[in-house]
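Student: Before I rely on words such as buried or salt bridge, I would like to hear the reasoning behind each of them. Could we go through the structure together, label by label?

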Amino acid sequence: MPHRTINLHLVSDSTGETLNSMARAVLSRFPDSHVIHHRWSLVRSRFQLEQVLEGIKAEPGPVMFTLVDRSLRHSLEEVCKQMDVACLSVLDPVIDLLQAQLGEQAREKRAAQHVMDADYFRRIDAMHYVLAHDDGQGVAGIEEADCVMVGVSRSSKTPTCFYLANRGIKAANVPIVPGATLPTELEDPPCPVIGLTIDVGALIDIRRHRLKIIGAGGVRQDTNDYIDHEAVKAEILAARRLCTARGWPVIDVTRRSIEETAATVLQLMEAWHARRGGHAPTPGSIGV
């Protein structure tokens with residue numbers, strides 16, 4: 001059976017992140033099909049919608065949208081109906097479900113996550129925190145962290161922390177370095193401490209690439225402990241043993257995306273707070 005190619009239009013009055021994530025997750029179930037994405041974000045006026053409609057007419061294909069403005073929604077749905085193009089408001093089923101369960105109507109707030117409210121400033125504050133506490137910096141501020149990520153060099157601590165910051169989570173990043181002691185603040189940490197580990201071969205590949213980027217490709221790889229197989233293997237094993245001894249959960253990031261790792265971190269944070277009878281920080285929205 002020949003592979004089919006379709007145009008998929010993602011229309012949002014915000015950043016479109018929710019639509020992009022949803023489309024990516026669903027399309028992974030159709031690996032043999034070819035989909036051409038047309039992303040239309042920040043569609044908030046009649047003029048902007050007209051541009052979207054012209055694009056759909058030029059390259060017809062199913063439409064997924066998140067538009068709160070009823071007038072814009074109606075126009076989009078009407079044009080799609082006239083063109084016999086499938087059109088779906090992806091949030092409506094979820095909103096209907098929660099309205100029925102909560103017994104109240106959802107408020108119509110377009111791009112509400114971009115209002116400069118407490119949630120917005122919480123994400124900005126978290127981003128500043130991660131910048132100041134990356135790779136063992138600002139150890140004295142660990143008591144302000146929502147969580148602490150530990151692990152060997154190049155185990156995805158930094159990108160995970162920045163992803164969490166975009167959800168309003170203050171994540172400190174503390175490297176586990178052979179022969180070095182961890183900060184005393186982690187002896188009785190005020191927040192969850194989570195270790196990241198990775199397969200030896202994958203870590204060596206990442207580190208070799210890192211050396212190449214920084215111009216250290218001339219380092220003899222057979223004598224450099226940073227990429228020596230046995231040395232790296234011992235480094236990873238020692239880090240895991242340290243986490244186990246301190247009761248810190250460990251996430252293997254070898255085959256995980258940053259988003260998957262961050263989701264697991266949030267689950268572990270919730271479990272940590274639940275054991276102590278508290279509540280974990282509520283992650284904010286990244287964008288619809």
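**Reasoning from values to labels**

Tutor: Of the 288 residues in the protein chain, 38% count as buried. Please keep in mind that this is a predicted model. The chain has nine helices and eight strands, and its C-alpha atoms fill a box of roughly 70 × 50 × 30 Å along the principal axes.

Student: Why is Ser155 called buried?

Tutor: The label buried requires a relative accessible area under 20%. Ser155 has 0% relative accessibility, and therefore counts as buried. Ser155 is found in the loop between β5 and α6, and, leaving aside neighbours within four places in sequence, is in contact with Leu196, Ile198 and Val253.

Student: What makes the approach of the Ser155 side chain to the backbone oxygen of Val152 a polar contact?

Tutor: A polar contact needs a pair of N or O atoms within 3.5 Å, with one able to donate a hydrogen and the other to accept it. The side chain of Ser155 reaches the backbone oxygen of Val152 at 2.7 Å, so the distance satisfies that limit.

Student: Why does Ser153 count as partly exposed?

Tutor: Partly exposed covers what lies between the buried limit, under 20%, and the exposed limit, over 50%. Ser153 is at 26% relative accessibility, and therefore counts as partly exposed. Ser153 is placed in the loop between β5 (147-151) and α6 (157-165). Arg154 is found in that loop between β5 and α6 too, and at 36% relative accessibility Arg154 also counts as partly exposed. The backbone of Arg154 has a positive phi of about 75°, although the residue is not a glycine.

Student: How do you know that a binding site involves Ser153 and Ser155?

Tutor: That statement comes from a record: an unreviewed UniProt entry places the feature "binding site" at Gly151, Val152, Ser153, Arg154, Ser155, Ser156, Lys157 and Thr158. Such annotations may be inferred rather than shown by experiment.

Student: What makes Arg207 and Glu235 a salt bridge?

Tutor: The rule asks for a side-chain nitrogen of Lys or Arg within 4 Å of a carboxyl oxygen of Asp or Glu. The side chains of Arg207 and Glu235 meet at 3.0 Å, N to O, so the pair qualifies. This pair links distant parts of the chain, with Arg207 in helix α7 (residues 200-213) and Glu235 in helix α8 (residues 229-246), 28 residues apart. Both Arg207 and Glu235 are buried, and both are among the residues in contact with Ser153, along with Leu203 and Tyr226, once neighbours within four places in sequence are left aside.

Student: How many salt bridges does this rule give?

Tutor: The count comes to three salt bridges. One of them joins the side chains of Asp92 and Arg73, at 2.8 Å from N to O. Asp92 lies in helix α4 and Arg73 in helix α3, 19 residues apart, and the pair links distant parts of the chain. Lys170 forms a salt bridge with Asp125, the closest N and O atoms being 3.0 Å apart. Here Lys170 is in the loop between α6 and β6 (171-175) and Asp125 is in helix α5 (residues 118-132), 45 residues apart.

Student: Why do Lys170 and Asp125 receive their accessibility labels?

Tutor: The limit for buried is under 20%. Lys170, at 19% relative accessibility, therefore counts as buried, whereas Asp125, with a relative accessible area of 37%, is partly exposed.

Student: Why is Asp84 called exposed?

Tutor: Exposed requires over 50% relative accessible area, and Asp84, at 72%, therefore counts as exposed. Asp84 lies in the loop between α3 (70-83) and β4 (87-89), and has a positive phi of about 60° although it is not a glycine.

Student: What makes Leu98 eligible for a nonpolar surface patch?

Tutor: Patch members need over 30% relative accessible area and no salt bridge. Leu98, found in helix α4 (residues 92-102), is at 43% relative accessibility and counts as partly exposed, so the area requirement is met. Val94, Leu97, Leu98 and Leu102 form the patch, with about 390 Å² of accessible area together.

Notes: Residues are numbered from 1 along each chain as its sequence is written. This is a predicted model: local features need pLDDT of at least 70, side-chain atom pairs count only at pLDDT 80 or more; totals for chains, interfaces and linings use all residues. Side-chain values use heavy atoms; hydrogens and water are left out. Helices (H or I, at least four residues) and strands (E, at least two) are DSSP runs, numbered from the N terminus. Buried means under 20% relative accessible area, exposed over 50%, partly exposed in between (1.4 Å probe, protein chains only). Contact means heavy atoms within 4.5 Å. Patches are made of residues with over 30% relative accessible area and no salt bridge: like charges are joined within 9 Å, nonpolar side chains (Val, Leu, Ile, Met, Phe, Trp, Tyr) within 5 Å. Accessible areas come from the Shrake-Rupley method with a 1.4 Å probe; for residues, only the protein chains shown count as cover.
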